[in-house]
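Dear colleague,

I am passing on the structure below, followed by some notes on what was found in it. Please read them alongside the coordinates.

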Amino acid sequence: MSEEIKKSVIYSAMQPSGVPSLGNYLGALKNWKNLQQDYDCIFAIANMHAITVRQNPTELRKKTRDLITLFIAIGISPENNILYVQSDVKAHAELAWILNCYTYMGELSRMTQFKDKSAKHADNINAGLFTYPVLMAADILLYQADLVPVGEDQRQHLEITRDIAERFNNLYGDVFKIPEGFIPKTGARIMGLQDPTKKMSKSDTDNDNNVIHILDDINLIANKIKRAVTDSDNEVRLSPDKPGISNLLNIYGAVTGKTAEEAQNEFKGTGYGEFKKCVADAVVAEIKPIQDRFKELSADKAYIDSVIKDGAEKAAYIANKTLRKAQKKVGFPV
Ligand code: AQP
């Protein structure tokens, strides 16, 4: 009898802190879609993480629903993967509390994201922002994930997850799988269009032209690209001193499945105006079908409701098994 080979489990999450940016799409969501054939994928809407920064409650509910709809519109199947909303699975909060008691203040104070976000939100440096990495550790460990796709900015969070899990396992035996980082074959880091020295972020509201949101009107997307900051020498070339042009080459490459170097060769001798038009056309060709599908799916309220409910049940089933193990180890009556 042939035994089915168990696929590795991949866990990843995205915060519903805004409509996903082109950066979120090219750096994460597009890869997620490609992972689903080869891995058992669990993708979460991290709404518990999102409230570490103040959110408008009505908008947060809408963004949460829109994000799960967008996952499906992009082609991430809710039947073949687990897609769920973090706050629907109570085990996240419960395991996070336990893990808080196995995490040191010193470790958390070294997290660069905490330092960055507290500088950005100086009026709201809440304890949730500080313990964000513990909740993230709980997310990953609950599902016994083998692999976690991480960009450079999240590497520190994966490291602390591994440290917490190893500390717990050393005390109590093998409760948690120790996850590894997963670097997708293609993964672009997309920078802001107006400030190409900083990454494009979905919650950036300072300058709307800096960010492409993937549900922006198609004409607006094209115009934002045409307005992107470049430089004055009119040569399409990858170079650290040409961050704007390099970013557009990365975007073009990520959208068309080429390397940034291949993109550079394609545009040798092309003027900036023509180059930007080609980038805009390529981005629009990629995003338009997603937007059309998103509109169709959004109209089917019952279907989205059922995806959210089924996802929560499937996720809770796995998460609760791990939670019970951890609770038993620390001495809770289970
Ligand atoms: N600019 C980017 N280029 C490539 N990948 C990116 N990611 C984010 N920005 C870029 C990847 O998208 C996923 C989303 O993670 P998140 O929603 O948990 O938060 P984030 O990384 O903080 O993303 P944002 O857009 O910057 O959110 P806000 O504005 O709320 O802080 C991750 O896999 C990330 O690597």
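The 43 positive charges (Lys and Arg, placed at NZ and CZ) and the 43 negative charges (Asp and Glu, placed at CG and CD) of the protein have mean positions 3 Å apart, with His and the chain ends not counted. This is a predicted model, in which local features need pLDDT of at least 70 and side-chain atom pairs count only at pLDDT 80 or more, while totals for chains, interfaces and linings use all residues. Residues are numbered from 1 along each chain as its sequence is written, and side-chain values use heavy atoms, leaving out hydrogens and water.

The secondary structure comprises 13 helices and 5 strands (DSSP runs of H or I, at least four residues, and of E, at least two, numbered from the N terminus). The radius of gyration, taken over C-alpha atoms, is 21 Å, close to the 20 Å that the globule rule (2.2 Å times the number of residues to the power 0.38) gives for 334 residues, so the protein is as compact as a globular protein of that length. Of these 334 residues, 51% count as buried (under 20% relative accessible area, 1.4 Å probe, protein chains only).

In helix H6 (residues 112–120), the residues Gln113, Phe114 and Ser118 are buried. Seen down the axis of H6, its buried residues fall within an arc of 125° (from the directions of the C-beta atoms from the helix axis), so they line one face of the helix. The face turned away from that buried side carries Asp116, Ala119 and Lys120, which are exposed (over 50% relative accessible area).

Best regards
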